[in-house]
Amino acid sequence: MKRIMLDTNIYEFILKYIEKDKIKDMIEKQILVIYGLNIIRRELRDIPKDKIRIGEGKIHNLRVTLLSLYDFFVGSHQYKLTNEMSELADKYYRVYKVLDGNAIKKEIITDLIIVACASLHNLDIVVSEDNKTMLSEKTINAYKSVNTLERIRSPLFIGFKKFVSVLRGVNFD
């Protein structure tokens, strides 16, 4: 069983490119478990109410659709932000700055908290398409350095295409 956390940006990719029934089947068969974090759900709630998407011959409210998708996938597997996550994220940020990372804390802290949550809860995979902040070389080096010092296992970081491979049964162990 793969324990996975999806970055906020992945939910819209799923909506556009993956059959929800495929993921539902894998969740029901306990092949994968998708975990959430209250700040990811909050980011989805921050999508403007007037944003729409057209699908299945209908007009849908994007915010409501993505929140429903999140709730369906995550179910009861949602974590809440803790002080331990915030402290670990701050450590990531300090190392990131030492590595000459140039993003300001406000731009990157949510990504760092998501990775801190995944690391502290020993999740297998974090899926994101955020190559500018969450998956940049400097942030990944920061995660790995801090997690090594803290004796925490780092999750595997993959993009959407590799996530689709996971859904097709490709093993990343």
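# Notebook: sheet, helices and two single residues

I began at one side of the sheet, where β2 and β5 pair in the parallel sense over two bridges, and where L37 stands opposite Y79 in β5. I note at the outset that this is a predicted model.

**Entry on the sheet.** I then traced the strand order, and found an open sheet of five strands that runs β5-β2-β1-β6-β7 with parallel pairing. The edge strands, each pairing on one side only, are β5 (78-79) and β7 (156-158). Moving from β5 past β2, I looked up the next pairing and found that β1 and β2 run parallel and are joined by four bridges, with Y35 in β2 as the bridge partner of M5. Towards the other edge, I recorded that strand β6 (residues 125-127) runs parallel to β7 and is joined to β7 by three bridges, and that V127 has I158 of β7 opposite. As a reminder to myself, strands of a sheet pair through backbone hydrogen bonds, either parallel or antiparallel.

**Entry on β2.** Is β2 mostly covered or mostly open? I found that six of its six residues are buried, so that I entered β2 as mostly covered, taking buried to mean under 20% relative accessible area. I kept in mind that in a regular strand the side chains alternate between the two faces of the sheet. Checking each face of β2 in turn, I found L32, I34 and G36 on one side and V33, Y35 and L37 on the other, all of them buried. I also looked for what lies across this part of the sheet, and found helix α3 (residues 38-45), which lies across β1 (2-6), β2 (32-37) and β5 and runs at about 70° to β2.

**Entry on α5 and α7.** How do the axes of α5 and α7 cross? For helix α5 (residues 83-98) and helix α7 (residues 137-150), I have axes that come within 8 Å and cross at roughly 125°. The two helices are therefore oblique to each other, since that angle falls between the 65 to 115 band for roughly perpendicular and the limit of 145 for roughly antiparallel. I noted the crossing of α5 past α7 as right-handed. On the α5 side, the residues that meet α7 are L88, K91, Y92, V95 and Y96, and on the α7 side they meet K138, T139, A142, Y143, S145, V146, N147 and E150. The residues of this contact divide into seven nonpolar, three polar and three charged.

**Entry on V95.** I singled out V95, which lies in helix α5. Leaving aside residues up to four places away in sequence, V95 touches A142, S145 and V146. I also looked up its separation from Y143, which is 48 residues away along the chain, and found 8.4 Å between the C-alpha atoms. Despite these contacts I did not list V95 as buried, because at 23% relative accessibility V95 counts as partly exposed.

**Entry on α6.** In helix α6 (residues 105-120), I listed the buried residues as I108, I109, D111, L112, I113, I114, V115, A116, C117, A118 and S119. After α6 comes N122, for which I noted a positive phi, near 60°.

**Entry on K24.** Last, I placed K24 in helix α2 (residues 20-28). Its relative accessible area is 34%, and K24 is therefore partly exposed. For D90, which is 66 residues from K24 along the chain, I recorded a separation of 35 Å between the C-alpha atoms of the two residues.

Definitions and conventions:
Residues numbered from 1 in each chain as written. Predicted model: local features only at pLDDT ≥ 70, side-chain atom pairs only at ≥ 80, totals over all residues. Heavy atoms only, no water. Axes fitted to C-alpha atoms, helices over the stretch in contact; angles between N-to-C directions. Parallel < 35°, antiparallel > 145°, perpendicular 65-115°, else oblique. Left-handed = near helix turned anticlockwise from the far one by under 90°. Contact = heavy atoms within 4.5 Å. Nonpolar A, V, L, I, M, F, W, Y, C, P; charged D, E, K, R; others polar. Buried < 20%, exposed > 50% of the residue type's maximum accessible area, 1.4 Å probe, protein only. Pairing = 2+ DSSP bridges.
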